[in-house]
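Grab a pencil and open the viewer. Here is a handful of exercises, each with a solution worked through in steps.

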Amino acid sequence: MRIVRTTDYKDMSRKAANIISAQVILKPDSVLGLATGSTPIGTYRQLAEWCAKGDCDFSHVSTYNLDEYRGLSHDHVQSYHYFMRKNFFDHINIDLANTHVPDGANPDYDAACAEYDRIVADAGYPDLQLLGIGRNGHIGFNEPDSVFSKGTHMVNLTQSTIDANSRLFDSPDEVPRQAYTMGVQTIMYAHSILVVANGEDKADAVRAMCFGPVDPQCPASILQLHTNCTVIADEAALSKCPL
């Protein structure tokens, strides 16, 4: 695991965008695994800026997002389908037919999860998987558990995750209690992994991810076993790490 220390959120976002843009420049038909949440927004904005300047071309790229709330339509303003269009896809020259997000609108979770596993496997898994990390160490919506999850599955969100996401809804009661998410095993199949983290509230999780035991109680800790994982984090997020 390679750890890159940055000064602040802007520095973190630019360095992460540098790695993603290099991937796309070197392999124009790259398969990218993407994440939602507030942390990667700065990275997406930087990539969109470079795309507008002609420095980065997404026309042959395909993308596969980690997760989606269960029960939200694709055009719901809090769905991750909508999030990705608003914060990234609508600002780059990507073919929307090549963008993929789990189908949270499908009430048949077995069918929805099996189909998403199939299309991700058919794509050969991401050349680069972008991840954030939750305060409790979750990646995607893989919450702390007794075992590491495998394929795409439905998950009951923990209260800490619901609380963290409630700021995006009009009230905490509106936050969905379930989601579909890529499993930890699927994430580990990515050829390279890039984790972004910022802020003091992520410091405990980042320490556990990078220096704690490999334990499903901190799902992100499995990334210590990946052969090509880079963590880009600001000073605050790394403040509890023995660096």
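**Exercise 1.** Which residue forms a salt bridge with R118, and how far apart are the closest N and O atoms?

*Solution.* Keep in mind that this is a predicted model.
- Step 1: find the partner. R118 pairs with D122, and the closest N and O atoms are 2.8 Å apart. The cut-off for a salt bridge is 4 Å, so this pair qualifies.
- Step 2: place the two residues. Both sit in helix α4, which covers residues 109-122. They are four residues apart, about one turn of the helix.
- Step 3: check the exposure. R118 is partly exposed at 42% relative accessible area. D122, at 57%, is exposed, because the exposed class begins over 50%.
- Step 4: look for shared partners. Salt bridges with partners in common link E115, R118 and D122 into one network.
- Step 5: put it in context. The whole structure has eight salt bridges. As a general point, side chains of opposite charge can pair when their charged atoms come close.

**Exercise 2.** Work out which parts of the chain are tied together by the salt bridge between D201 and R135.

*Solution.*
- Step 1: get the distance. The closest N and O atoms of D201 and R135 are 3.1 Å apart.
- Step 2: locate each end. D201 is in the loop between β9 (193-197) and α7 (203-211), while R135 is in the loop between β6 (128-131) and β7 (153-156). The pair therefore ties together parts that are 66 residues apart in sequence.
- Step 3: compare with the exposure classes. D201 comes out as partly exposed, with 41% relative accessibility. R135 is exposed, at 53%.

**Exercise 3.** Do the equivalent analysis for K240 and D204.

*Solution.*
- Step 1: the side chains of K240 and D204 form a salt bridge of 2.9 Å, N to O.
- Step 2: K240 belongs to the segment after β10 (229-234), and D204 to helix α7, so this bridge ties together parts 36 residues apart in sequence.
- Step 3: K240 is partly exposed, with a relative accessible area of 40%. D204 is partly exposed too, at 48%.

**Exercise 4.** What does the side chain of Q46 meet in a polar contact?

*Solution.*
- Step 1: find Q46 in helix α2, residues 41-52.
- Step 2: test for burial. The relative accessible area of Q46 is 12%, and the cut-off for buried is under 20%, so Q46 is buried.
- Step 3: name the partner. The side chains of Q46 and R14 are joined by a polar contact of 3.2 Å.
- Step 4: list the contacts. Setting aside neighbours within four places in sequence, Q46 is in contact with R14 and A17.

**Exercise 5.** Is N87 buried or exposed, and which residues does N87 touch?

*Solution.*
- Step 1: N87 is part of helix α3.
- Step 2: its relative accessibility is 13%, so N87 counts as buried.
- Step 3: leaving out residues up to four places away in sequence, N87 touches I41 and Y44.

**Exercise 6.** Describe how the rings of Y69 and Y80 are arranged.

*Solution.*
- Step 1: start with the count. The structure holds nine aromatic pairs.
- Step 2: read the geometry. The ring centres of Y69 and Y80 are 5.0 Å apart and the planes meet at 40°, so the pair is tilted. Stacked would need under 30 degrees and edge-to-face over 60.
- Step 3: place the rings. Y69 is in strand β4 (residues 67-69) and Y80 in helix α3 (residues 80-87), so the pair ties together parts 11 residues apart in sequence.
- Step 4: add the surroundings. Y69 and Y80 are both buried, and they form one aromatic cluster with F83, F141 and F169.

**Exercise 7.** Decide how well the overall dimensions of the chain agree with a compact globule.

*Solution.*
- Step 1: for 243 residues, a compact globule would have a radius of gyration near 18 Å; this chain has 17 Å, which agrees.
- Step 2: the C-alpha trace spans about 45 × 40 × 35 Å along its principal axes.
- Step 3: buried residues make up 54% of the 243.
- Step 4: of the contacts between residues at least 6 apart in sequence, 79% join residues at least 24 apart.
- Step 5: for the fold inventory, count seven helices and 10 strands.

Notes. Residues numbered from 1 in each chain as written. Predicted model: local features only at pLDDT ≥ 70, side-chain atom pairs only at ≥ 80, totals over all residues. Heavy atoms only, no water. Helix = DSSP H or I, 4+ residues; strand = E, 2+ residues; numbered from the N terminus. Buried < 20%, exposed > 50% of the residue type's maximum accessible area, 1.4 Å probe, protein only. Polar contact = N/O pair within 3.5 Å; in protein donor to acceptor, adjacent residues only side chain to side chain. Contact = heavy atoms within 4.5 Å. Rg over C-alpha atoms; globule rule 2.2 N^0.38 Å. Phe/Tyr/Trp six-rings, centres within 6.5 Å; stacked < 30°, edge-to-face > 60°.
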